[in-house]
Amino acid sequence: MSIKVVPPTAAPQPPVTDRTAVGERLALPLFRSLAGSLAGHPYLKVVVDRAEDTWHLLDTAVHPFHVDYLATRVLGMEPAELDACLDAVNASVYMAPDRRFLLGVLSLHTDQDTAGRRRPFLVLETTEADTMDGPMLEEFYTFVRHRLDGRLPLLLKPANHGQEHALASVSDVRVPRILSHQVFGDRTRTPLNPGEATGRLRHFRTTAEYAAAAGTLGGSDILAMPCLPDDVPRVAGFINTATTTPLSHTNVLAAGWGIPNAIVRDLDRLIRAESLDGGWVRYRVTEDDISLVPIAPAAAPTAAPARHRPRIRLRTPLLDDLSARPLHRLRLADQNRYGTKAAHLGELHHVLNARAADLTAFHGKPRPPRPDLYRHLAARLGTTHPAPSGELRAAAADFVADTVSAPDGIALPFGLQHRFLRSSPALREGIIRLKAALDDGAPEALEPLCLRLQQLVRTTALPDEVAGHILGALPTGPGSGRRLVVRSSANAEDLPGFSAAGVYTSVTSVHGADDLLDAVREVWASLLSPRSVRLRHQAGISLDDTYMGVIVQPYVPAGLGGVLVTCNPTKRADFRNVCLNCTPGSPEAVVDGTALPLQYLYNTVEGGGRTVALGSSGRDLPAATRERLADLALAGRLLQSHFSAPDVDRPLDIEWLMTDQGAFHLVQIRPYAR
């Protein structure tokens with residue numbers, strides 16, 4: 001993937017011609033003539049024919065898939081014949097121990113020698129689903145090495161954790177290697193969220209610079225800084241000048257807002273070269289490319305383009321019920337009493353306990369030319385295919401229930417917050433004034449009104465009836481005195497099109513009655529923060545319709561915590577992989593950006609996983625832990641079938657904890673903005 005500063009128009013490209021080479025020795029000129037570009041690196045597809053002792057170098061522009069070329073050009077199959085048996089052909093070339101063909105990709109990279117000179121080198125890898133063992137990987141590497149220009153270094157990159165393990169017994173002198181995170185984990189430029197925007201580039205090198213200018217930021221600005229703050233206002237685009245994760249709060253916001261976001265670590269150099277800072281640019285992020293195009297001042301728009309996004313519609317909140325209820329007694333239909341977060345966790349309890357939900361629907365959807373992915377799911381679950389009616393569904397339900405658990409806890413309804421707000425004349429008057437400011441479009445009055453209301457919520461005495469219902473959520477018996485976590489559960493969060501990630505408050509260390517009452521008011525107060533009010537107003541969510549429920553949970557100590565999204569955030573068309581980030585301890589460290597997480601991609605179709613980045617820890621997790629994370633990844637994909645219905649391709653955002661005993665607790669499950 002390259003970033004480029006380009007003129008507004010580009011020269012027309014010559015027509016594509018097929019220059020596929022067979023049996024030729026590979027030097028850089030031939031490589032470049034056949035190569036495509038993937039993540040900014042030139043790459044070339046390779047087919048080794050073991051029976052003929054030769055190789056095929058594919059013209060990437062003409063032959064985007066190994067199997068299509070192999071079947072139609074080597075084996076003489078018709079395209080329709082290949083489509084009818086695609087999975088069988090894939091199994092024969094990627095998984096058969098006696099396979100005739102070895103398939104892979106050569107990509108071109110550069111590093112620096114001790115004198116600072118740039119040196120090219122090649123990386124050879126298979127597909128992520130390939131099951132080559134150590135001897136076969138060594139054979140593949142040796143075959144390619146002998147047919148390369150000897151001046152070009154060649155490294156083998158294991159495509160998944162299984163290949164890493166298989167290579168452990170192979171000398172790295174015979175097979176020099178490089179791992180995925182060493183190639184891609186610290187890239188200079190990485191797309192995070194695709195999109196396109198035109199705006200002023202505002203570059204801040206420190207948080208102090210940003211704080212001094214934050215009040216001047218508007219919808220026409222493209223904000224660039226090392227670490228974007230969670231309370232960032234809505235702007236036209238984000239640029240991170242330091243490494244971050246695609247699962248951070250700010251990237252979830254970028255996805256929800258539909259704005260471009262990327263990591264560009266050398267932005268300083270680009271700004272100096274083109275005098276971009278403060279100027280108007282056209283900013284575009286795709287899965288493979290990032291571009292910044294300077295725009296002449298006369299061509300800059302005079303106003304920010306209107307964003308035509310559907311108005312978020314909330315269910316009518318039910319405010320008559322003051323009863324706290326255990327999470328396991330809630331279902332999705334309780335969103336309008338207890339909030340979306342609590343209702344989702346209640347539904348999770350039901351799915352795990354009843355084991356009646358169809359968790360196979362994602363795999364049952366056609367993925368042309370395949371009619372479905374049931375065969376692959378059966379292989380992952382260890383069942384036969386085709387199986388008797390209901391067997392695959394039962395196996396999926398058992399697998400998920402055996403892999404993850406739902407948290408215990410109590411949900412406090414909207415009615416308690418409503419009764420509290422009505423009890424105070426000062427609060428009622430403050431809300432009336434805030435609604436008037438929103439209706440009048442008076443942004444200068446918004447912040448002081450919100451801050452005063454928040455302080456009133458924190459300090460106003462609770463009616464005895466309200467306090468009694470809240471204190472009823474305290475554990476009794478052996479659980480009394482335990483540390484508690486108090487979380488938001490608004491009706492304006494965890495929604496398709498409005499996640500509110502990082503917008504509302506959680507209080508993670510609560511002990512006893514006084515702490516609990518204070519924590520509940522703190523969560524209620526976050527519904528009236530200037531940022532949350534502004535974001536909801538921009539989304540068309542009325543203050544009158546917005547209420548806050550609260551979840552009270554026992555604190556669960558964790559050895560590992562993180563976020564799983566059931567998609568590949570940087571490659572949305574990828575239906576195989578899910579992205580998992582984690583760090584020792586709480587998942588909050590992942591989502592709030594205080595620690596760079598370990599990043600993994602797990603294939604939920606053919607199986608296998610790979611490490612994308614090591615984050616702040618600097619070392620990978622043990623192999624046994626990574627295998628457990630593969631189970632979590634598949635469980636998340638299966639839950640997507642239920643929680644995303646009827647659109648089973650809509651991904652989920654799942655926060656999770658792993659205890660020291662290896663058990664997974666899901667603490668939040670919500671739609672992931674696409």
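**Exercise 1. Across which strands does helix α12 lie, and at about what angle does it run to β19?**

Before solving, a word on the model. It's predicted, so local features need pLDDT of at least 70 and side-chain atom pairs count only at pLDDT 80 or more, while totals for chains, interfaces and linings use all residues. Residues are numbered from 1 along each chain as its sequence is written, and side-chain values use heavy atoms, with hydrogens and water left out.

*Step 1.* Get the vocabulary down: helices (H or I, at least four residues) and strands (E, at least two) are DSSP runs, numbered from the N terminus. Two strands pair if DSSP finds at least two bridges between them.

*Step 2.* Find the sheet. Five strands make an open, antiparallel sheet in the order β16-β18-β21-β19-β20. At its edges are β16 and β20 (507-510), each with a single partner strand, so one side of each has no neighbour in the sheet.

*Step 3.* Look at one pairing inside it. Strand β19 (residues 484-490) and strand β21 (residues 548-554) run antiparallel and are joined by seven bridges. V485 sits opposite Q553 in β21.

*Step 4.* Now place the helix. Contact means heavy atoms within 4.5 Å; axes are lines fitted to C-alpha atoms, for helices over the stretch in contact, and angles run from 0 to 180 degrees between N-to-C directions. Helix α12 (residues 340-354) lies across β18 (410-412), β19 and β21, at about 110° to β19. Helix α16 (residues 414-422) lies across β18, β19 and β21 too, running at about 120° to β21.

**Exercise 2. Work out the strand order of the seven-stranded sheet and say which strands are at its edges.**

*Step 1.* Read off the order: β17-β27-β26-β22-β23-β24-β25, an open sheet with mixed pairing.

*Step 2.* Pick out the strands that pair on one side only: β17 (404-405) and β25 (609-613).

*Step 3.* Check the β25 end. Strand β24 (residues 598-603) pairs with β25 in the antiparallel sense over four bridges, and Y600 faces T611 in β25.

*Step 4.* Add the helix: α23 (residues 623-643) lies across β17, β22 (560-565), β23 (577-583), β24, β25, β26 (652-658) and β27 (664-671), at about 140° to β26.

**Exercise 3. Why is strand β11 largely enclosed by the rest of the structure?**

*Step 1.* Set the cut-offs: buried means under 20% relative accessible area, exposed over 50%, partly exposed in between (1.4 Å probe, protein chains only).

*Step 2.* Count along β11 (residues 221-225): five of the five residues are buried, so the strand is largely enclosed.

*Step 3.* Sort the directions. In a regular strand the side chains alternate between the two faces of the sheet. Here D221, L223 and M225 point one way, I222 and A224 the other way, and all are buried.

*Step 4.* Find the neighbours. Strand β10 (residues 195-203) runs parallel to β11, with four bridges joining them, and R200 has D221 as its bridge partner. Strand β12 (residues 237-240) also runs parallel to β11, again over four bridges; I222 is partnered by G237 there.

**Exercise 4. Trace the salt-bridge network that contains E164.**

*Step 1.* Use the criterion: a side-chain nitrogen of Lys or Arg within 4 Å of a carboxyl oxygen of Asp or Glu. The structure holds 34 such bridges.

*Step 2.* Take one link. E164 and R626 meet in a salt bridge at 4.0 Å, N to O. E164 is in helix α6 (residues 161-167) and R626 in helix α23, 462 residues apart.

*Step 3.* Compare burial: E164 is partly exposed at 22%, while R626, at 10%, counts as buried.

*Step 4.* Complete the network: E164, D620 and R626 are linked.

**Exercise 5. Classify the F420 and W524 ring pair.**

*Step 1.* Rings of Phe, Tyr and Trp (its six-membered ring) pair if their centres lie within 6.5 Å; planes under 30 degrees apart are stacked, over 60 edge-to-face and the rest tilted. The count comes to seven aromatic pairs.

*Step 2.* F420 and W524 are 5.2 Å apart centre to centre with 25° between the planes, hence stacked. F420 belongs to helix α16 and W524 to helix α20 (residues 512-526), 104 residues apart.

*Step 3.* Check the surroundings: F420 is buried, and so is W524.
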